[in-house]
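Dear colleague,

Please find below the structure that I am handing over to you. My notes on what was found in it follow directly after.

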Amino acid sequence: MPGVRGPSDYSLEPPRHPSLKINSKEPFNAEPQRTALVTSYITPVDLFYKRNHGPIPVVDDIERFRVSIGGLVEKPIQLSMDDLRKLPKYNVTATLQCAGNRRTAMSKTRTVKGVGWDVAALGNATWGGAKLSDVLELVGISKLTAVTSLGGRHVEFVSVDKCKEENGGPYKASIPLRQATNPDADVLLAYEMNGEVLNRDHGYPLRGVVPGVIGARSVKWLDSINIINEECQGFFMQKDYKMFPPSVNWDNINWSTRKPQMDFPVQCAICSLEDVDVAKQGKITVSGYAVSGGGRGIERVDISVDGGKTWTEALRYQKINVPYISDDDISSDKWAWVLFQADVDLPENADIIAKAVDTAANVQPENVEDIWNLRGILNTSWHRVRVKKALPVANSNL
Ligand SMILES: Nc1nc2c(c(=O)[nH]1)N[C@H]1C(S)=C(S)[C@@H](COP(=O)(O)O)O[C@H]1N2
Ligand SMILES: [Mo]
């Protein structure tokens, strides 16, 4: 594709914030510190987790850049950034979460394959761009179409990065045409993140953003968008990011028995404390994030300091001084996380537990063992942090 290319080595990587925790250097995979993640409702770009499968692409000439829309369409087209900017612009606040978020904790029960992540492989950003449903109208596909006259049922996003899982080919993924042509699904071709031009790590010049769906379907550095009749056959759709039961291991896996994971389930994590933090006895404030997929809001976040025997409800917020209503209405960002906060009385050496409930009354599972899967995806078990009581200080004038 003109204007943008995927390098085959790591000599042209962009600069990154020094506070990021690097889980893998090449390809670059990193997340912010837990505590930094919940200091702002909108995650700053430099602290937003970065999840890559190859070297970061380079734009040589933005004027020459074109994204092509083709496949099962009568008249394929190519759009420049100017063409895209002329379409109505939407700003959608959506949480992007990697399916591998909290994988490290899952791997502690039984080994899994994949990059290790703590609880910060997600971020909440305001994405700016054109709606995919508007773009598809330019190739003659109307809003709310499930199947076209040419048999198109899926929309495939193809990148330019070189991924070893694709034998040096580009990253790709698809979503159902029904979702792509639904304006309410808010699927974007985004060129801005938090009001700034998208940066290289996050997909400059153009990426897909599929709200409510695992991050793996929000393809960065878009090169082409194809209307296809069956779902994308790429590695990341067919041989990865699928949810298997705990009985399936690498000897008996049959990838074709499962569908690619799309919506993510209800999730939350405490971010104000690391595991085995030392806290003073008495009241402490517990804060973190909660989010659910599919546009479901967060109905409740429960906190326990006695191993789950009793619970207190945390306060939830999206905007300061605006009450959060867990409903699909204009006062709530339905694709975005809520932050939560609770003051609790801390007993000695407690496990502090958080669990969230979404608007469909889905609840996080208690134990990671019950949802263990060989790829270590979607660890949404109750989040626990172990806190120790500080030793009494004899002379407190130190
Ligand atoms: N082209 C391309 N798109 C991609 C990926 C990738 O490696 N290459 N990784 C995917 C995965 S698994 C996730 S979780 C998100 C991460 O987006 P971010 O790096 O902007 O946080 O991008 C997705 N899109
Ligand atoms: Mo991911």
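**Salt bridges**

The structure holds 19 salt bridges. Please bear in mind throughout that this is a predicted model. One of the salt bridges is formed by the side chains of Arg 5 and Asp 60, with a distance of 2.8 Å from N to O. Arg 5 belongs to strand β1 (residues 4–5), while Asp 60 sits in the loop between β5 (58–59) and β6 (67–71), so this pair ties together parts that are 55 residues apart in sequence.

**The ligand and its surroundings**

Which residues are closest to ligand 1? They are Tyr 49, His 53, Asp 161, His 202 and Lys 220, out of 20 residues that surround the ligand. By character, the residues of this shell divide into nine nonpolar, six polar and five charged.

Three side chains deserve your attention for their polar atoms. In Asp 161, a polar side-chain atom lies 2.7 Å from a nitrogen atom of ligand 1. Arg 207 has a side-chain N or O atom 2.7 Å from an oxygen atom of the ligand. For Lys 220, the distance between an N or O atom of the side chain and an oxygen atom of ligand 1 is 2.6 Å.

How much of the ligand's area does the protein bury? Taken alone, ligand 1 exposes 530 Å², and the protein buries 100% of that. The space that the ligand takes up is the largest cavity.

**Backbone features**

Most peptide bonds are trans, and most residues other than glycine have a negative phi. The following places depart from that pattern.

- Glu 26 and Pro 27 are joined by a cis peptide bond, with omega at about -5°. Pro 27 is located in the loop between β2 (21–24) and β3 (29–31).
- A cis peptide bond also runs from Tyr 204 to Pro 205, where omega is near 15°. The loop between β13 (196–197) and β14 (207–209) contains Pro 205.
- Leu 144, a residue other than glycine, has a positive phi, near 55°. Its place is in the loop between α4 (132–137) and β10 (154–158).

When you open the model, I would suggest beginning with ligand 1 and the side chains of Asp 161, Arg 207 and Lys 220. The salt bridge between Arg 5 and Asp 60 could come next, followed by the cis peptide bonds at Pro 27 and Pro 205.

With kind regards

Note on methods: Residues are numbered from 1 along each chain as its sequence is written. Chains are lettered from A and ligands numbered from 1 in the order in which they are written. This is a predicted model: local features need pLDDT of at least 70, side-chain atom pairs count only at pLDDT 80 or more; totals for chains, interfaces and linings use all residues. Side-chain values use heavy atoms; hydrogens and water are left out. A residue is near a molecule or strand if one of its heavy atoms lies within 4 Å of it. A polar contact is a pair of N or O atoms within 3.5 Å; within protein, one must be able to donate a hydrogen and the other to accept it, and residues adjacent in sequence count only if both atoms are side-chain atoms. Accessible areas come from the Shrake-Rupley method with a 1.4 Å probe; for residues, only the protein chains shown count as cover. On a 1 Å grid over the protein atoms alone, a cavity is a set of points where a 1.4 Å probe fits but cannot get out, and a pocket is an open set with protein on both sides within 12 Å along at least five of seven lines; lining residues have an atom within 4 Å of a point. A molecule sits in a cavity or pocket if more than half of its atoms lie within 2 Å of its grid points. Ala, Val, Leu, Ile, Met, Phe, Trp, Tyr, Cys and Pro count as nonpolar, Asp, Glu, Lys and Arg as charged, and the others, Gly among them, as polar. A salt bridge is a side-chain nitrogen of Lys or Arg within 4 Å of a carboxyl oxygen of Asp or Glu. Helices (H or I, at least four residues) and strands (E, at least two) are DSSP runs, numbered from the N terminus.
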